[in-house]
Amino acid sequence: MSDHGIFGPGSVTWRVMGEPILLVGGFRALLMQGLHPRAMRGVLQNSALMDPAESWARFQRTTEFVRVRTYGTTEEVERAGRRVRKIHAKLTAHDPDTGETYRLDDPDALRWVHVGEVDSYLSVARRAGVRLSDAEADTFVAEWRRAAEVVGLKAEDVPGSVAELEDYIRAERPGLRFVPEAAHPLRLSLNAPLPLLLTPLKPALPALTLLAFATLPRWARRLYGLPATPVGDLWATATLRTLHTGLGLVPPQVRYAPVARRARRMTAA
């Protein structure tokens with residue numbers, strides 16, 4: 001029997017994650033992560049965000065981890081998970097609010113990062129027009145419990161449905177904020193630390209970041225000090241749908257990454 005990893009053909013995850021519009025979901029997930037003080041400080045105190053070599057290398061590692069976790073074999077996923085868990089267990093950060101030093105595998109921070117990722121992918125996909133019934137959306141959230149285990153969380157400790165996801169986010173909101181020592185993501189996008197070969201992409205980053213911000217809930221936009229109106233919500237949804245529709249006109253062999261094309265073939269078979 002073939003080893004398709006933690007998701008596999010027929011999973012909602014394989015159907016959703018290959019869509020190019022989910023790039024916006026990835027940016028949104030980072031913005032959600034940035035509102036958890038401990039999660040954000042863990043990143044700030046353990047990486048050089050404005051160093052082109054370091055920031056790009058970190059982005060590549062994160063992208064590769066997401067690819068392996070989604071499409072890799074069980075062995076590949078387990079190997080990637082062990083590497084991430086080992087790094088998180090060794091690194092620490094300081095919380096100036098409490099004076100405490102904590103490890104990066106702090107369960108509360110990991111849980112928020114997980115939920116922010118799941119909520120972002122699901123929200124962007126549905127608003128862009130990726131066809132997902134309510135039952136399939138619940139299945140997507142439940143499937144991602146397996147992804148939570150990869151980084152060291154227990155499946156039962158993370159939401160297993162859209163309702164549980166929303167309840168968790170609602171309960172966490174009082175403790176969320178944008179820490180003052182962090183640079184604002186919109187400002188960072190204007191001077192993105194890209195390697196020389198990718199500098200032609202620099203003009204597109206502010207627009208992509210702005211769209212990712214617009215897809216956030218209004219309360220999250222307010223925490224970043226940005227306008228939060230129903231008009232912004234409508235603009236974000238209309239833009240996502242337009243982009244997704246336009247991408248749908250691109251031939252599949254160009255539109256989808258190789259691993260996503262392979263997943264689509266296996267699912268169809």
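In strand β2, Arg 103 is the bridge partner of Thr 92. This pairing belongs to a predicted model, in which β1 (residues 92–95) and β2 (residues 100–103) run in the antiparallel sense and are joined over four bridges. The two strands form a hairpin with four residues between them. Within the turn, Gly 99 adopts a positive phi of about 80°.

In a regular strand the side chains alternate between the two faces of the sheet. Strand β1 shows such an alternation: the side chains of Ala 93 and Asp 95 point to one face and are buried, whereas those of Thr 92 and His 94 point to the other face and are not buried.

The hairpin region is also contacted from helix α3 (residues 37–44), where Arg 38 is placed. Leaving aside residues up to four places away in sequence, Arg 38 touches Asp 95, Thr 98, Glu 100, Tyr 102 and Asp 106. Of these partners, Asp 95 is among the buried residues of β1. Arg 38 has a relative accessible area of 18%, under the 20% limit, and is therefore classed as buried. With respect to Arg 146, which lies 108 residues away along the chain, the C-alpha atom of Arg 38 is separated by 23 Å.

Two packed helices are described by the angle between their axes and the distance between the axes. For helix α6 (residues 107–128) and helix α7 (residues 134–150), the axes come within 10 Å and cross at roughly 150°. The two helices are therefore roughly antiparallel, and their crossing is right-handed. On the α6 side, the contact is made by His 114, Glu 117, Val 118, Tyr 121, Leu 122 and Arg 126. The residues contributed by α7 are Asp 134, Ala 137, Phe 140, Val 141, Trp 144 and Ala 148. By class, this contact comprises eight nonpolar, one polar and three charged residues.

A further helix pair is formed by α2 (residues 22–33) and α10 (residues 204–214), which pack at an angle of about 70° with their axes 9 Å apart. Helices α2 and α10 are therefore roughly perpendicular to each other. From α2, the residues Leu 23, Val 24, Phe 27, Arg 28 and Leu 31 take part in the contact. They meet Leu 205, Leu 208, Thr 209, Leu 211, Ala 212 and Phe 213 of α10. The contact of α2 with α10 divides into nine nonpolar residues, one polar residue and one charged residue.

Notes
Residues are numbered from 1 along each chain as its sequence is written. Side-chain values use heavy atoms; hydrogens and water are left out. Axes are lines fitted to C-alpha atoms, for helices over the stretch in contact, and angles run from 0 to 180 degrees between N-to-C directions. Angles under 35 degrees count as roughly parallel, over 145 as roughly antiparallel, 65 to 115 as roughly perpendicular and the rest as oblique. A crossing is left-handed if the near helix is turned anticlockwise from the far one by less than a right angle, and right-handed if clockwise. Contact means heavy atoms within 4.5 Å. Ala, Val, Leu, Ile, Met, Phe, Trp, Tyr, Cys and Pro count as nonpolar, Asp, Glu, Lys and Arg as charged, and the others, Gly among them, as polar. Buried means under 20% relative accessible area, exposed over 50%, partly exposed in between (1.4 Å probe, protein chains only). Two strands pair if DSSP finds at least two bridges between them.
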